[in-house]
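Biologist: Please go through this model with me, starting from burial and ending with the cavity.

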Amino acid sequence: MKKLLLSASLSAIMAASAHAETTIGFSMQRFDDNFLAILRSGLEAHAKELGDVKVLIEDAQGDVSKQQSQIDNFIASKVDGMIVIPVEADAGVTISKTVEKAGIPLVFANNQPSNVDKLPEKQAFVGSNQIEAGTLEAKEVCRLLGGKGKAVILMGELGTLVARGRTEAVHEVFKTDECKGIDIVDEQTATWQRTNALDLVTNWLTAGTEFNAVIANNDEMALGAVQALKSAGKSTDDVVVAGIDATQDALVAMKAGDMKVTVQQDAALQGKDALDAILKLVKGEPTEKKIFSKLKLVTKDNLSEFLN
């Protein structure tokens, strides 16, 4: 009887071990970003499908110090792995070093850390090629303007490689022979936010700044620009408004003719890919150091493919 009980106990222990829950700490740049909210939903849905993964999610609220504190708490809690959307690229380097020292696998998602090309072992990046995204957006704006015009750029948070890469791409496209007739008359950050973009574009219009294109680093800021133009009594037929992300709000604005360009990057898929990558690293399985989502230009000609 004792042998039977011992055998049953061992079997129970082995079964519990085989189905042990993996705990992942997830620090987001901010909860109130539309694209990141979709990424989060995709990650959570995938974790629910897997069934044996617990994700602890924290909102850094765009605060570097708050995010670092969250990382420290995850380490103290002895999570099995971490996913981080860094508030700033340079702060991501500190996070990378801190988590490496703790011996915990780490995946950066969406926003690249400054050391993305030199990540240590057990660390990876999942997101999009920001230069490619900005290039697709800028080339279509150039085509719509016929290579001539005046443009303003709405940038994301300046501390992120996402904003830097997308903005740099626009400048490079407008240096080419077919697009060098387009002047960038101003560029400022609206920190990815629709309301901030509304205020900034309103200020430009009030100051008499002339432009016939608004190139935004993301759709939320592009939508803020649309609101500003309409509030000022300007027709969106006369201004090319472009964004990146292909959020549902942006696609609806394109259907209405208010936005002309966006670039699809699958937020939900990024969340799923980030979770898959960290679980591979936790298990000691090989994974790519950079996992890029596919990008696709969205215009009025192919809009129907993306509308729900």
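**Burial, helix packing and a cavity**

Modeller: Buried residues (under 20% relative accessible area with a 1.4 Å probe, protein chains only) make up 50% of the 308 residues in the chain. This is a predicted model, in which local features need pLDDT of at least 70 and side-chain atom pairs pLDDT 80 or more, while totals for chains, interfaces and linings use all residues. Numbering runs from 1 along each chain as its sequence is written, and side-chain values use heavy atoms, without hydrogens and water.

Biologist: Are α3 and α4 roughly parallel or roughly antiparallel?

Modeller: The axes of α3 (residues 64–76) and α4 (residues 89–102), lines fitted to C-alpha atoms over the stretch in contact, come within 11 Å and cross at roughly 10 degrees. Angles under 35 degrees count as roughly parallel and over 145 as roughly antiparallel, so α3 and α4 are roughly parallel.

Biologist: Which residues of α4 make the contact with α3?

Modeller: Contact means heavy atoms within 4.5 Å. On the α3 side it is made by V64, Q67, Q68, I71, D72 and I75. The α4 side supplies A91, T94, I95, T98, V99 and A102.

Biologist: Which helices each supply at least two residues of the lining of the largest cavity?

Modeller: The largest cavity holds about 90 Å³ of space. Its lining consists of Q29, D33, F35, L36, N110, N111, V162, R166, W192, N218, D245 and Q265. A cavity is a set of points on a 1 Å grid where a 1.4 Å probe fits but cannot get out, and lining residues have an atom within 4 Å of a point. The helices that each supply at least two lining residues are α2 (34–50) and α6 (161–173).

Technical notes. Axes fitted to C-alpha atoms, helices over the stretch in contact; angles between N-to-C directions. Helix = DSSP H or I, 4+ residues; strand = E, 2+ residues; numbered from the N terminus. Parallel < 35°, antiparallel > 145°, perpendicular 65-115°, else oblique. 1 Å grid on protein atoms, 1.4 Å probe; cavity = no way out; pocket = protein on both sides within 12 Å on 5 of 7 lines; lining within 4 Å. Points joined across faces, edges and corners; volume = space filled by probe spheres on them.
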